[in-house]
Structure formats: C-alpha cells, structure tokens
Amino acid sequence: MDCLFCKIINGDIPCSKIYEDDTVLAFNDIDPQAPVHFLIIPKQHIKSVDEINSGNSAIIAHIFEVIAKLATQLELADGYRVVTNCGKDGGQSVGHLHFHILGKRSLKWPPG
C-alpha cells in the first residue's frame, strides 16, 4: 500500500508525535495553520468518512475521546476546531481518514 499515513504509522516516515496508543496516532501538522495544529489518524487504514461503518465506528469514537484528552493537555479551553475532508472535492489530500485539530487562535467561519 502506498499510503503516506500508513508509512508514518509503520515508522517508515518520521513525524512529530504527540500521542500514540494501539488504535490511533496524533502528530503535529507539517504546515500548521494555527499555533496548535495536529492530526489524529486511525492506525487501521480507513480511506475516508465514506468508509466508516459498524465494524470500525468504535475507532472513530476513540479518536474523539483522544481529541478531548489532548485538548485538555494542550490547554485549548478557549476552543478549537476539528476538521476532516472527504474526497477530492472536499479537499482530502491523503487517502487515509484523518482529523485536523486547530487551536490557540480565533478561528472564523468560513475558514480563512
């Protein structure tokens, strides 16, 4: 499989890891858009939101539990944004489900 995030999970490509357990990996974004900007990915290859089903939805619940834990540790009490892109038109650049967490600055909607 030629998946960038699978290579990061396997240790073939280094990352700035901030959290890891048996199910997920979280690491700082290489092109941060906020003072805090990290990604959290499932270790199981799930291509996108479109592939979430009853067999893997517990992984997604766990991801959000970890996001809440990391938000507390990183002192994001004033708020943060969780973003995932789905498909080409949705802006998904890596075919492995991932969530961006951005914080420590005021975030507007629409983004910009």
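Colleague: Let's start with Cys-3: is Cys-3 buried or exposed?
Modeller: Happy to start there, keeping in mind that this is a predicted model. The cut-off for buried is under 20% relative accessible area. Cys-3 has a relative accessible area of 6%, so Cys-3 is buried.

Colleague: Which cysteine has the sulfur nearest to that of Cys-3, and how many disulfides does the structure hold?
Modeller: A disulfide is a covalent bond between the sulfur atoms of two cysteines. Here a pair needs its sulfur atoms within 2.5 Å. The nearest cysteine sulfur to Cys-3 is that of Cys-6, 3.7 Å away, and Cys-3 is in no disulfide. A search of the whole structure gives a disulfide count of 0.

Colleague: And what about Cys-15: how far is its sulfur from the closest cysteine sulfur?
Modeller: Cys-15 is partly exposed, at 30% relative accessibility. Its closest cysteine sulfur belongs to Cys-6, and the separation is too far for a bond: 13 Å.

Colleague: Moving on to rings, what kind of aromatic pair do Phe-5 and Phe-27 form?
Modeller: Good one to look at in the viewer. A pair of aromatic rings is described by the distance of the centres and the angle of the planes. For Phe-5 and Phe-27 the centres are 5.9 Å apart and the planes meet at 70°. Planes over 60 degrees apart count as edge-to-face, so the Phe-5 and Phe-27 pair is edge-to-face.

Colleague: Which elements hold Phe-5 and Phe-27, and how many residues apart are they in sequence?
Modeller: Phe-5 is buried at 5% relative accessibility, and Phe-27 is buried with a relative accessible area of 5%. Phe-5 sits in helix 1 and Phe-27 in strand 2, so the pair ties together parts whose separation in sequence is 22 residues.

Colleague: Which of Phe-64 and Phe-99 is buried, and which is partly exposed?
Modeller: These two rings also make an edge-to-face pair, because their centres are 5.3 Å apart with the planes at 75°. The pair links helix 2 (residues 57-73) with strand 5 (residues 99-103). Phe-99 has a relative accessible area of 5%, so the buried one is Phe-99. At 41%, the partly exposed one is Phe-64.

Colleague: Last topic, the largest pocket: which element gives the most to its lining?
Modeller: That pocket holds about 290 Å³ of space. Of its 18 lining residues, those closest to the centre include Leu-4 and Phe-5. Helix 1 (4-9) and strand 2 (24-28) each give two or more residues to the lining. With 3 residues, the element that gives the most is helix 1.

Definitions and conventions:
Residues numbered from 1 in each chain as written. Predicted model: local features only at pLDDT ≥ 70, side-chain atom pairs only at ≥ 80, totals over all residues. Heavy atoms only, no water. 1 Å grid on protein atoms, 1.4 Å probe; cavity = no way out; pocket = protein on both sides within 12 Å on 5 of 7 lines; lining within 4 Å. Points joined across faces, edges and corners; volume = space filled by probe spheres on them. Helix = DSSP H or I, 4+ residues; strand = E, 2+ residues; numbered from the N terminus. Phe/Tyr/Trp six-rings, centres within 6.5 Å; stacked < 30°, edge-to-face > 60°. Buried < 20%, exposed > 50% of the residue type's maximum accessible area, 1.4 Å probe, protein only.
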